Amino acid sequence: MFLENALMTQHDSEAVDMVLVGAGIMSATLAVLLKELDPDIKLEIVELQESGAVESSNPWNNAGTGHAGLCELNYTPDNKNGPIDIKKAVTINTQFEVSKQFWAYLAGREGFGNPREFLNAVPHLSFVRGSKNIDFLKRRFDALKTHHAFEDMVYTEDRATMAEWMPLMMPGRDADEPIAATRAMNGTDVNFGELTRQMLVYLAAKPGVKMSYFQKVTGLQRNGKGWRVEIKNTRDGSSRTLDAGFVFLGAGGAALPLLQMSDIEEGKGFGGFPVSGQWLRCDNPEIVKQHQAKVYSLAAVGAPPMSVPHLDTRVVNGQKSLLFGPYAGFTTKFLKYGSALDLPMSIRPSNLRPMLAVARDNMDLTRYLIKEVMQSMEDRLKTLRGFYPEAKAEDWRLEVAGQRVQIIKKDPKKGGILQFGTELVSAKDGSIAALLGASPGASVTVSIMLDLIERCFPEQARSEAWASKLGEIFPAREKVLETDAVAYREIVAVVDRKLGLAD
């Protein structure tokens, strides 16, 4: 304490153990994990907006799919010369189950909210049209069924069965059109905004935790073994500094500029490609009650994986709606409430070549985005009618989704590649880390944050105290869930009961 006071006097700054930038699902998860592992940690979460979960974690800025590989066809790429590759689907499934273990643990803690307010059981379906796509879906089903995580999945080409599974989608459809679907009853809809809010409330009640809103990080500099964080209050213009031993940059699209501000070697060469999105939203209860599922199909040729079309049951604040999309677009903003200068200001000598290489090698994506931007409402409805043939314009309105910044990184052969997914970047000494990228980020947040803890706090993670606590929170980690069918079934059953997903 004396040392902290001396620092505050000498540098006119406050000393904390950790600063977490961004009050979304990522920072909230990491902060809760760290406080469970060490209740004495002193940390501050700084957020640019007026509250947590305003950007990507907000329930209307994402589809709310609990990504578990059950319906997302892009997680099982088609190997033309061999079997369907299910590795990514299995990985994401087991990572999501680890997230559920954490939420189940929190559900039993005093001060945490009700999981039923952010988590609902919603079947996950894959739906395809045309003989070629049916062949792919059948081979995908056959491959997934070999793994215990997908053993309850069902496949059908029977139209009567599909009418039971997705009654909204069958009337008005061409009777001669070949169609097929799979269904997994253990799918979920997750309100990541409400989950974030519950974690922030849980955190705020703990000693040594401070939440600061309307705070913009304007500087990051090395300070001994830690960091000096310069912060500006956007309401009154005042400035302050925080001295921290560890900094986490979990600010969504803003994480890249902050990583560049840190100037760590590990962050050089990364660029960002912002993709905006929109949904068609229906709140008509007569329509909504006819669809209880998240139905995913195949992306258009040249479309990014995040643009896979899907028709979703959405549960927000206890009310059901339907979302269809996403419809992609382009803006140079890195955040929904960001600046048009975000992209040009992120260009550096170290990432210029990778960014130019990505621009050269992704002309199909560029054409796709231009086409999406130019769409009319009627064009969007035409796409929707591929799922819901009898859709009427008056039942749907446009909802602007959150901003996603896809990762551009160096590649020795191509110069640069566009990477869809998430990537954790950390300094060699573990004093700072940033999370870049997008889907399936929120669903697998817990696994990502556990990876961060093992990277940035290796000695503590191996200690008896932390290992014991992690064992209490997580009955089984990803590798065990992936390989041990008995453990998987037993643990999922217990977790689902705690979360109210099963009786």
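Select glycine 113 as the starting point; its place is in the loop between helix H3 and strand E3 (119–121). Helices (H or I, at least four residues) and strands (E, at least two) are DSSP runs, numbered from the N terminus. The model is a predicted one, in which local features need pLDDT of at least 70, side-chain atom pairs count only at pLDDT 80 or more, and totals for chains, interfaces and linings use all residues. Residues are numbered from 1 along each chain as its sequence is written, and side-chain values use heavy atoms, with hydrogens and water left out.

Is glycine 113 buried or exposed? Glycine 113 is partly exposed, with a relative accessible area of 29%; buried means under 20% relative accessible area, exposed over 50%, and partly exposed in between (1.4 Å probe, protein chains only). Add leucine 195 to the selection: 82 residues separate it from glycine 113 along the chain, and the two C-alpha atoms are 8.7 Å apart.

Next, select helix H3 (residues 87–107) and the interior around it. The largest nonpolar core has 82 residues, and those with the most contacts inside it are Phe102, Trp103, Phe248 and Leu452. Helix H3 supplies the largest share of this core, 10 residues. A nonpolar core is a set of buried Ala, Val, Leu, Ile, Met, Phe, Trp, Tyr and Cys residues joined through side-chain atoms within 4.5 Å.

Centre the view on phenylalanine 248. Leaving aside neighbours within four places in sequence, phenylalanine 248 is in contact (heavy atoms within 4.5 Å) with residues including Val19, Leu20, Met26, Leu30, Leu435, Met449 and Leu452. A second, separate core of 41 residues can then be selected through Ala244, Phe273, Val275 and Val425, which are among its members.

Proceed to helix H7 (residues 255–262), where 6 of the 8 residues are buried, so this helix is largely enclosed by the rest of the structure. The buried residues of H7 are Ala255, Leu256, Leu258, Leu259, Gln260 and Ser262. Aspartate 263 follows H7 and has a positive phi, near 65 degrees.

Finally, display the whole chain. The secondary structure comes to 17 helices and 20 strands. Along its principal axes, the C-alpha trace spans about 80 × 50 × 45 Å. Of the 503 residues, 56% count as buried. Among contacts between residues at least 6 apart in sequence, 73% join residues at least 24 apart.
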